[in-house]
Amino acid sequence: MLRISQTLVDGMVAHSHADHPDEACGVIAGPEGSDTPVRLIPMINADRSPTFFRFDPSEQLAVAKQMWDDDEEIVVVYHSHTATEAYPSRTDVSYAAEPQAHYVLVSTAESGCEPGPVSVRSYRIVDGTVTEEEIELVADVADVLDPE
């Protein structure tokens, strides 16, 4: 199960609307070993494509260095689908390289770049196997860090 704040989900959706008709992409970092998404990091789709995303290599390196310095790791890898459902494509599965990560897809197929209906779904992708998981929304990042 992915336990995530509404604020972080809203950020992924806003990024997906803003980059439409191209796929948006980014990560959410959290404390190393915690499985707790805390910090949204929208990234540039280097391919600027409506059907594919690729992180910009220099930006990806800078993000990795910052996470290393902050004792963080990738908890969520997200991207949008602009014309199809929020389900990993064969390409998405083949490029899934973070077995500990939640893979979140945001489909803007219905609303495009305008505010409106989207589909947000989360998956685990390990060794080519896709497993959908439940998303539990909490009001604030602090609620994810300390659920009591």
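**View 1. The largest pocket of this predicted model holds about 480 Å³.** Of the 23 residues lining the largest pocket, F53, F55, Q60, V77 and Y95 come closest to its centre. If you sort the lining by class, you get 17 nonpolar, 3 polar and 3 charged residues.

**View 2. Several helices and strands help to wall in the largest pocket.** Helix 2 (57–69), strand 4 (72–81), helix 3 (90–95) and strand 5 (102–107) each put at least two residues into the lining. Which element gives the largest share of the lining? That would be helix 2, with 4 residues.

**View 3. Here we zoom in on V77, one of the residues closest to the centre of the largest pocket.** V77 sits in strand 4. Is V77 buried or exposed? V77 has a relative accessible area of 8%, so it counts as buried, the cut-off for that being under 20%. Skipping its neighbours within four places in sequence, V77 touches G26, V27, F55, E98, A101, H102, Y103 and V104. One of these contacts, F55, is also among the residues closest to the centre of the largest pocket.

**View 4. The second largest pocket encloses about 180 Å³ of space.** Its lining has 13 residues, and those nearest the centre are E23, P50, T51, H81 and T84. By class, the lining of the second largest pocket splits into 4 nonpolar, 7 polar and 2 charged residues. Strand 4 and helix 3 each supply at least two residues here, and each of these elements does so for the largest pocket too.

**View 5. This one pairs a residue from each pocket: V77 from the largest and T51 from the second largest.** V77 and T51 are 26 residues apart along the chain, and their C-alpha atoms lie 17 Å from each other.

**View 6. Stepping back, the protein chain has 4 helices and 8 strands.** Follow the sequence and the pattern reads β-α-β-β-α-β-α-β-β-β-β-α. The radius of gyration is 14 Å, close to the 15 Å that the globule rule gives for 148 residues, so the chain is as compact as a globular protein of that length. Its C-alpha atoms fill a box of roughly 40 × 30 × 30 Å along the principal axes.

**View 7. Last up are the inside and the outside of the protein chain.** Buried residues account for 43% of the 148 residues. Take the contacts between residues at least 6 apart in sequence: 65% of them join residues at least 24 apart. On the outside, the accessible surface comes to about 7600 Å², with 53% belonging to carbon and sulfur atoms.

Note on methods
Residues are numbered from 1 along each chain as its sequence is written. This is a predicted model: local features need pLDDT of at least 70, side-chain atom pairs count only at pLDDT 80 or more; totals for chains, interfaces and linings use all residues. Side-chain values use heavy atoms; hydrogens and water are left out. On a 1 Å grid over the protein atoms alone, a cavity is a set of points where a 1.4 Å probe fits but cannot get out, and a pocket is an open set with protein on both sides within 12 Å along at least five of seven lines; lining residues have an atom within 4 Å of a point. Grid points are joined across faces, edges and corners, and a volume is the space filled by probe spheres set on the points. Ala, Val, Leu, Ile, Met, Phe, Trp, Tyr, Cys and Pro count as nonpolar, Asp, Glu, Lys and Arg as charged, and the others, Gly among them, as polar. Buried means under 20% relative accessible area, exposed over 50%, partly exposed in between (1.4 Å probe, protein chains only). Contact means heavy atoms within 4.5 Å. The radius of gyration is taken over C-alpha atoms; the globule rule is 2.2 Å times the number of residues to the power 0.38. Accessible areas come from the Shrake-Rupley method with a 1.4 Å probe; for residues, only the protein chains shown count as cover.
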